[in-house]
Structures are given as C-alpha cells and as structure tokens.
Amino acid sequence: MQLWEHLSSQGQSGLLRNETVESTATQLTLQNLTPGRLYNITMVTEAGGLQNSRTIEAQTVPSAVSHMTSDDNVSMSDQLHFSWQQPEGDLDALVVTISLNGTKLWEMTLPPDATQVTSDHLTPGSAYQVVVISKSGGLTNQSEITVRTVPAAVSDLTLSQSSSGGLMLSWSPPAGFWETYRVFLFDGSQQLVNATVSQEVLNFSFPGIGLIPGKLYQAVLRVESGGLTADSICEGSTAPAPVLDLHIRHADETSISAMWSHAPIGSRDSYFLTLRNETVNTREVEPNMRECTFNVLTPGRHYTITVTTRSGKLNTSVSVEGKTVPMALTTLSLSSSGVDSLRASWEKPPGDVESFTLTLLQDSVVVQNHSVPAGSSSLMLTDLTPGALYRLQATAVSGGVQSKTTSLEARTVPASVSRVTASNGGRSDALQVSWRPAVGVVDSYLVHLQDGSRMVHTLAVSHSSPPECSFSSLFAGRLYSVVIVTRSGSLENATTVQARTPITMMVVVGVYHVLWYVVLQNKSVSAGHNECVFSSLTPGRLYTITVETWSGGYVSSVSTDGRTFPAAVGNLSLGDAGTGDLTITWSSAPGDVDHYEVTLLFNDTRVFPPVTLGSEVRHHRLTSLTPGRLYKIVVSTFSGPYQRPQFIEGRTVPSAVGNLRLDPRPGLMDSLGGLGVSWTPGDGDLDMYIVSLSNTDGVVIETRPVPKHISSLEFMDLIPGQTYTMNVQSLSGKLTNSNTASGRTAPARVTALQADNDHTTHSLTVTWERPVGVFDGYSLQLQDEAGAIMMNRSVVSESRSERLEGLTAGKWYRVQVVTLSGGVASQEATAEGQTRPAAVSNLTVTSTNTSSLSFSWRPSVGHVDIYDLSLYSVVEATANHKQDAAETRKDHHQVGRLSGLICPYEYFSKLLMVVLYDASGTPLGSQTLGAEHTSHTFPGLTPGRLYRTEVISHSGEQTNRAVVLGRTTPDPPTHLSVKQGPTNDTIELSWSGPASGDYDNFSLQWTPTNLLSVTQTHLTGCIVGGMFPGRLYNFTVMTVSGGGAKGEPTARSQPIQRSVRTSSQKENT
C-alpha cells in the first residue's frame, strides 16, 4: 500500500508511506494523518514478480474548532460575540449558524483562519445554539455552544411618592425575554430592600414604614435572564413630614406670626410659607426656622398661613388661620351733653372693622355696654348721674378680635341747687343763705354775693358741709344777688336769687362798733387834714373805720367798711409735668383768704375757666393740656372783692413721635447701605427734633438736629446689611420725649453673577462673588424668557454657587439673586444663561443607493433655533479599493440647517439648512429646506463610500450634535464569466470589479442552495466544488463595501448573475 500526497496544480505528488500487508488482509487503517487533507492511495498487487495497481482519492475529516467562548461584556443586548481556537489541519471554510429552538436564524461563511464573529439584531435575554462547522472538501465537522444574549434593561423607570406614604417604583417592560426582576432600595450605601418580582409585574411598592420622610433614596431594578442581568437605576424622595403644632404665636395691627414644631424625624430643604387673603404673600425660610412673621398687613383682616415643608421636588403643607388685631380708635372724643348725658364720637380707624364696643364705667364699675356697627361714628350716652366722672373705653372689633382699648374721661354737667332761701336773721347788715343740695355728684359750691354788678363776697362751701352760708357787714336796705354755683370738676351750674337787707336805725356811742369788739388803732388828726393811713394791718381783712369829729365837748361820728388787699401765695412752683398735665404747689398766703383761683393762660389768653379752690388747698393738677406748650399759670388770692395774683410759667412734656419707621435705602455707592427714617409728629408744640443713630453696641454714630416741620431723614453711608437703632427726640424748651426703633440696611448685592451651562443640556450653574457688609443668605429666582418664575431657592451665606437642575434644553433663562440680611433683601443682581440644546435622537440612514444617502431623525427635546446637518467622508484604512477623493470632490454638495420641525416635544425653530463636507471637512455647498423636513437625501456621492453625518442643534450660541455613519451602495461587479473546473463537479467563476466607487469584497450566492465548497483564488475569482453532475446552477455576485470594523455599516450592490449546468459524465481516476 502506498500513501501519496494529492496531485498539486503542477501535477507533482510525493510518496508519504509504503507499507506491505499480508495477501489475506482486506483492510488497513492509516493513523496520524492531517485532518481535512486529500490523499491518493495506491494498492499494488504482487504475484510472481508481476504487479498491478489501482489508485483512489480519500480525504480525512476536518477538525472541529475548540474552546468556543461567548463574550458576556457585549454592550448591546441584541448582539452576540463569540470566539474559538483555530482547528488543526486543512480547511476550506468555516460556517457559523445561530439557531433558536431548532430554527436557523443566521448563517455566515468565514475564511478558514477566522477565530471570532459578531451577530446582531438578536432578541435580548434569549438562549441561542451556535454551531461552527469546519468544511474541507465535502467533509465537515462541527462544535456547538449554547449562549445567551444579555437581557435588555427596563425603560421609563421612576421612583415616586405612593398614596400610602411610601415609594412606588414603576417601569415599562424591557425588549426581548427575561425570567424575573429583582428590586433593590438603597439609602446611600446601605441596602434596605432586596426582593424578587415576577416578570408580569410593572410596579413595586416600598411601604412607608422604615422610610425617613424627605429622604432621597436610590432604587435599582435588575432584569435577570439565565444568570445574566441588566440594571436600571433611578432616585426618588419620600415626601417630607409636615410641621407640628402650627399656631398663631402673635398678632398685632399690622403683623402676624406663625410658629410650629419640626417633625421628629425626616429631612427637609426649607419651609415655604404662603399668606393668603385677597393677595398672596410668600416667604421661604431655612429648615431650622420655627417661626415666621408677615408684616405690613391690613389691620383686622382674616388671613390663612400655609407652611409647606419642601424636600427636593416634594412637599407637604399645613395651614392655620389667624387675624390681625383691628386698629385702635385714635380720634375718640367724649363731651358732656347736659346734666345726665354724654356724647361719644369717633372716626373709623384704617383696616377692617365689623363693629365697635363702647363700655362706660363710673368708679371702675361698668354702667353701660354698647355694640354699634362699623358704619356708626357717634353715640349718645343717656340716663347718667349729673356731675359724675365717667370713663369711656372703646374698641374696634373684627372677627371676634378686639383692638387695643382707647380710654377717655368726661363729666356730666352738675345739677343746679334748688329751694334757695335768703334771710337776715334779724340783722340789717347780714344775710343767711341756704339751699337744697344738687342731685348727683358735687365737688363744692361757690356762693357769690353781688351788689349790682360788683362782686361783694365769695364763699366756697364743701359738698360735705351743711348747704348754707352767711354774709355780714352788709349795707342795710340794699338789694343783693346771691349766685350759688354747683361745681363738679371743671363744670359748673348756677342758680341765682335776690335778697334785701332790712332798714334799721343805729346810734353810735363812742367807739363801741369799731370791728365790733376791739379797737385796733386810734389816731388823732388835726382839723386841717382829711385823710389818715392805718398800717401794719392784716392782708385781706375787712375793717370798720369810725371818724369822730370833736368840737369842744361835742362829738359826731361816721363809719365805713374797708378791706386790705390779700397777700399773694408763697413758694409757687411746678411739680410733676406730663405730656397733658401740670402740677403746681404753693404755700398759703398770709392774712385772711376767702379762696384761691387758678387760671391757665397761653399767649395771655385764658385756656379754661378759672378753677376756684378752698383756702386750705396747697396744690392743684391741671389736665387736658397741649403737649410741649409753655403756659402761664396764675394763682390768685381772693378776699372779698379783692385779689392778689402770683404767676409762674410751666411747660408740658412734648409728645413723642409716632409710627417711627426705618426703611432700607440705596447707599451713596454699591458698597454702602442707606436707611430712611420717617415718623408722624406728635400732638402739641415742638421746637425741633434731635435724631441719633447708633449701632448694635449702643455707640452713637451720628446725631442730627432736625427742624420740626421735617418728618423724614436719610443716612446714606452705612454698612450694608447692618442693624441700626434710631432715636428721635422731641424737644420743646428744655423738655424732651423720645421714641426708638431699629432697622437694617439693605445688604449689598452680589457681584460677578454668571449662569453657565457647564456643557449640560438640563442645568445651569450660577456663580457669584460674596458682597461686602453683613448678610445671612441669598434668595435665588429663576425665570424663563417671558418672566415667569420657574424656581425659587434659598442659599446659605457660605455658598458662592448653586446648580439648577431639570431645565429645558437650549432655553434662555434669567437668574436673579438677592442678598438677605435679617429678612431685608438687597437690590437684585441679574444674569442670563442658556442650557445647551439637546442632540437629535434616532438619527438613522433610511435609504441608500450608489450615489445618495437618506437620513432621518427625531427632533431635539427642548428649545432649538436651527439644526446643522453635516456629511463627512470617512477615511477607511482597511478598504481594498477607494476612489481618489480628489476625483469625487466635485460630486459632494448640499448642506442643510433644520428648523421648524413638528414633534411632540417643546422646541422652537425656523428653518433647515443642510451642509455637505468633503473628506477634509470643507463645505461644498448649502441648501435651505422648509421647516417641515425631518429627513434629507444627499445625491451625487461616491458609491460604496462611508460618510459621517452630524446633525447639530442650535439654540442661540449653544450647540449640541448627534452623529451617524452611513454608506452609499457600491456599484455591482461586471463581466461575470464561468468555465469548467479541473473536474466535472467543479467550475471556475471570475468577474471584474465595479467601474467606480469604493468596495472591500464580493459576496457569492447560488441556487439551489446545496452545500458547495468555495475556494477563493483571488479577489475577483473562485473555484466552486461539490456540484452535482448535470444540474443547473444560478450564481449571483454582489459588491460588498464595509464590514471591516466593529459597528461599521455594510452595503451590498445590486447582484449580477450567470447560470451554468455541470457536465453529466463522471471522471474516472
């Protein structure tokens, strides 16, 4: 037996083995041959020196590939990438098939030296049977492996607040096949939940028990299939816990404060407060705050305060209702209207009022209560006690809330006396007067005795004394008028009667009648004198003077009454002084005093009727005076008809200013702050104001004298954001009164404010430089181009930047930042910024031919002004045949800029311009398209060439881009020819490459689809073996461009075909 190498193309063969076997042997096994190799075997028969031989061809089975492995790190869930070790021996080709459940889905013939292949467009998560067939001649061997594609991840994964207070994870199912889901919940790095979910479920609820309100959690949803997984991650927050014990802590006329307690657990970003009535007022405070005050409100109005706890984009709210206190009555007046009535009048105060409550008290005891509607402005109080002092307390009422009480005192007119009688008691020089006391309240009675219009005597009678008095030393037979004045406070009521002394004769003997009892002085005067002076008499005393005329032993006399002038009071001085009262004190006047009379003068004009006081009184308080006014107070001593005045000047304390307010003002420069101070002048007289400004340490920074007609002032060179105290002192004479208020200058605004997108499509980073002065935080507001508020955020004082997420791509925004200091805001600093436009999605090649590419895309999400579509020729180093770029540059043309696309996303655009570039990036032309276009075709391109297309989204000066590769269809091959091969079951095919364009390879296919062997002799030719004799075959050849690099698009030309029938005779060897 002889083993020969198969005849080569040169007809040479080498002997490999020569073995002798017994004549009885009928078979022989040859070992250690090369797999897949074709051998010639010759059996030589020998007998008696003679030989005969027969030769046959035989081929060993090719080796199967080994170490088949699948790459689990494939990035796409619809791809498989597997590799193997090249088998030993001879091979013609490797055929790879992929099957699913016994059905062949994919087949590819590879050269014998191939060791890996990638298949796409598979179903994610499915198990495939992969067979690699080694082919050599007509023999095959194969290796199998079962591999699985990676499952696809779910889409639309969201973690949101559930109605039960927990978190709800929702998703859309993935493409392909999967077995189960696995759900994880993380708090930072700590795993809280690990649960398996069946494949039909599309949501999973995390119960609220164990979750912290206002906390950000991360959820992971894992798709599992045959040990392979695909994870999707999203984040979500639990709703923050609401505040506790929300209540109204304080309310006054123009402000209302709400207080609350923090939730015991959970986190929050801030509190957002809303004050609602006819208007809405909002305030955002730090998360550690427990109280907030709203100022400059309407008195007496009902408000609703809502405290919203914010955490991320979630919030919870609690509301409380409250009222501002109605404004107190400031123009209340109370005056007497007869002996038993008082009249109250007022003006409605600012704000809301439903009614007024008026309470009348006498000696702190309530005697009348009245409630009148808000439209009333006066009320008559009747059935009162004459001469009594009453106090009226008035309040405004709104919604059950009462204002501060305004009090006022007034007295009814005292009643007059009745049944007045006057008698002489049997004397001609005296009258005795009695009366019935007046009803009601009486302080004292003043009884005047008048002789015609001349006041003769005045007596003060206490209300507690018997209602009577007597007058002596009167002239007999004279008609006198007796006036009894009832006094209660400063009010009087008088009753007048007339009485006459009787006429009697009287004989004067000696000096018996001088001062009735005692002769005080006795003087002798010569006959030539007609006057005489008595000295060292008692002031204010009534004396009787008798003049006796002597002539010899005869004497005649005549008498008359005379009174010395009373002395003035001593030590007249001022006591306590208030804004509406003055107290004077004195020591008693020497001599005889009937009573004292106090008169108040301003500019020598009497202010009130004189006040009559008993001779025992040593002090008096004057009330209802004008603040800050200089008065002259006259204290007169009365004795009979004579009086002696003594006066003193006194000034009431000036009123303090009211409604003292400090408001921020712009400083002289941006680095300085200002304060405006304003007030309403107090009542009364005033010389000027002294305004003092001090800092928080109490150090006076500046003092200014201010004329009294000025009621506002500005300080313009202060520290921004600093708290100052203002003292406004009212000055009248040497007396002062002051009011103090505190206020804060507006903080300085930030500088170098910028809003940059940091190359992101949905966020802006706001940066600034810290301002000068004092401040405790910032308030940042984001507005869109129309000025609508998109976001409000509080920023701590240490921060110099803030990132704003969740914005619309490609849109312009305006950012306003104000500096805060104690609730006072600076002037706003403004900057504008634009997010980058989003790239278009789903950019694909929709159709190709030998000279054109058509692309389509989905418009960008967000705001877009224009699209730029660019086409580049890509240099391929692995291609076999490239047409010179210089020859085809003239064929490249057309550029497009796209705008005005209609899609279910928010964006704005106007036109589309398409731009085409050559391989060097030089634009070759442009063409403007209508806004309705979402696709474009580039004609006149080089067949089979790879191009890169960029669609650039424009919004303002910002751009973004999407890229896709596309290849034109190559031209088909030419001149396909067929000739008989070396044997009847083989043919030789040859063809020519395309006339123009780029190409890499050719694809050969035939029908019927028998298993044939193909031996590539060169790029444009091959030998096809294993054909059946006498059978008609149809061969097609296509040009292939691409396929050399992973992920690179491949294009095939139109086929050319040729039919051939093999010879029906079999060749014998």
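Select Gln834 to begin: this residue belongs to strand S65, which spans residues 829-834, where a strand is a DSSP run of E of at least two residues, numbered from the N terminus. The model is predicted, with local features needing pLDDT of at least 70 and side-chain atom pairs counting only at pLDDT 80 or more, while totals for chains, interfaces and linings use all residues. Residues are numbered from 1 along each chain as its sequence is written, and side-chain values use heavy atoms, with hydrogens and water left out.

Gln834 counts as buried because its relative accessibility is 4% (buried means under 20% relative accessible area, with a 1.4 Å probe and protein chains only). Add Gly810 to the selection, and a polar atom of the Gln834 side chain is found 3.2 Å from the backbone oxygen of Gly810.

Next, select Leu334, Leu342, Trp346, Phe356, Leu358, Leu381 and Leu392, which touch the most other members of the largest nonpolar core, a set of 21 residues (such a core joins buried Ala, Val, Leu, Ile, Met, Phe, Trp, Tyr and Cys residues through side-chain atoms within 4.5 Å). Colour strands S27 (342-345), S28 (355-362), S30 (378-381) and S31 (389-398), the elements that each give two or more residues to this core; S31 provides the largest share, four residues.

Finally, centre on Leu381, where residues up to four places away in sequence are not counted, and show its contacts, among them Leu334, Asp340, Gln368, His370 and Leu392 (contact means heavy atoms within 4.5 Å).

Technical notes:
Buried < 20%, exposed > 50% of the residue type's maximum accessible area, 1.4 Å probe, protein only. Polar contact = N/O pair within 3.5 Å; in protein donor to acceptor, adjacent residues only side chain to side chain.
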